[in-house]
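Subject: Structure for your review

Dear colleague,

Please find below the structure I am handing over to you. A summary of the findings follows it.

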Amino acid sequence: MTASPLGGRDGHDGLRRPLLVVDTATSTIVVGTATGDGELDASSSWPAGHRHGETLLPSLGRFLGEQNVRRSRLAGIVVGTGPGAFTGLRVGLATAKGLALGFGIPLVGISTGEALLAAAAVDGDAIEPDLALLLPAGPWDRVLVRRGQPPRLVPGAERPDAAPDRLVAVDLVDRAPAEAVARGERARAGLLAALARLGAARFATSPAGDDLAALVPEYVTLPRGVRDVPSDGVALTVE
């Protein structure tokens, strides 16, 4: 696990009530804390592997301890909702909901795809609205995400309907152009900051956060052999 304080701060003073930001939709789990206005001030990341359920909550505890943040002092939680694979999203959403329910704090779900596009779209002060995000959906297929549009499944043999120089590919090394993969890595580096900004903006207009029962992850694949979409999620395809 790697941790990096951001913005020139050395942890928290134990008095502030930060937002907790969590995303488990990609091959790298990322967590962070942010101010109420969406400024990310600390982050940690580690490879997801296949042990989300074993590692997420203990790693969150260590991270918050290193930042001098008691869980009871959290003001709210921002969690990425995908698109992403089944296990990661299920564990991430369940953990975020459990913390929100246990500590009586609000939670908002933010599309990981929208946040990655927001992270990739900023070039200085210029916004590039025509970027398209490409994510894996099983070993062959992919999912194409455009801002403000529902994700679209792209079968393995089909070329993405996006200009090559506008494509942002995440977790698709050797399955997408190198330039798109490089843009994807830059977008992933800015994912937490984008989630923090988008989450804080949602809290500004909806302080009570989302309805926990209605907040569901967006799966791109289900576990092998599962044919029905679980009641707690939306699936784009079945692996």
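Which residues in α2 are buried? In this predicted model, the buried residues of α2 are Phe86, Gly88, Leu89, Gly92, Leu93, Thr95, Ala96, Leu99 and Ala100. The helix itself covers residues 86-103, 18 residues in all, and its first and last C-alpha atoms are 26 Å apart, close to the 26 Å expected at 1.5 Å a residue. Just after α2 comes glycine 104, with a positive phi of about 65°.

On confidence, the protein chain has an average pLDDT of 85, and 82% of the residues score at least 70. Residues 4-10 stay under 50, and the model has twelve contacts for them beyond four places in sequence. Where pLDDT is low, the predicted coordinates should not be read in detail.

The first residue of α2 also takes part in an aromatic pair. One such pair was found in a search of the whole structure. Its members are phenylalanine 86 and tyrosine 219, whose ring centres lie 4.9 Å apart; their planes are at 40°, so the pair counts as tilted. Distant parts of the chain are linked in this way, since phenylalanine 86 belongs to helix α2 and tyrosine 219 to strand β14 (residues 218-221), 133 residues apart. Both partners are buried: phenylalanine 86 has a relative accessible area of 15%, and tyrosine 219 has one of 0%.

Strand β5 (residues 76-80) is mostly covered, with five of its five residues buried. Gly76, Val78 and Gly80 point one way from the strand, while Ile77 and Val79 point the other way. Strand β5 runs parallel to β2, to which four bridges join it, and glycine 76 is the bridge partner of leucine 19. Four bridges also join β5 to β7, again in parallel; here glycine 80 stands opposite isoleucine 110.

Turning to the interior, the largest nonpolar core contains 31 residues, and Val21, Val78, Leu116, Leu133 and Leu195 have the most contacts inside it. Elements giving two or more residues to this core include β2 (19-23), β7 (107-110), α3 (112-121) and α5 (191-205). The most comes from α5, with seven residues. Apart from this core lies another, of 22 residues, among them Leu20, Leu64, Val69 and Ala100.

Leucine 133 touches residues including Gly113, Leu116, Val143, Val145, Val168 and Val170, leaving aside those up to four places away in sequence.

With kind regards

Terms used: Residues numbered from 1 in each chain as written. Predicted model: local features only at pLDDT ≥ 70, side-chain atom pairs only at ≥ 80, totals over all residues. Heavy atoms only, no water. Expected span 1.5 Å × (residues − 1). Buried < 20%, exposed > 50% of the residue type's maximum accessible area, 1.4 Å probe, protein only. pLDDT = per-residue confidence, 0-100. Contact = heavy atoms within 4.5 Å. Core = buried A, V, L, I, M, F, W, Y, C linked by side-chain atoms within 4.5 Å. Phe/Tyr/Trp six-rings, centres within 6.5 Å; stacked < 30°, edge-to-face > 60°. Pairing = 2+ DSSP bridges.
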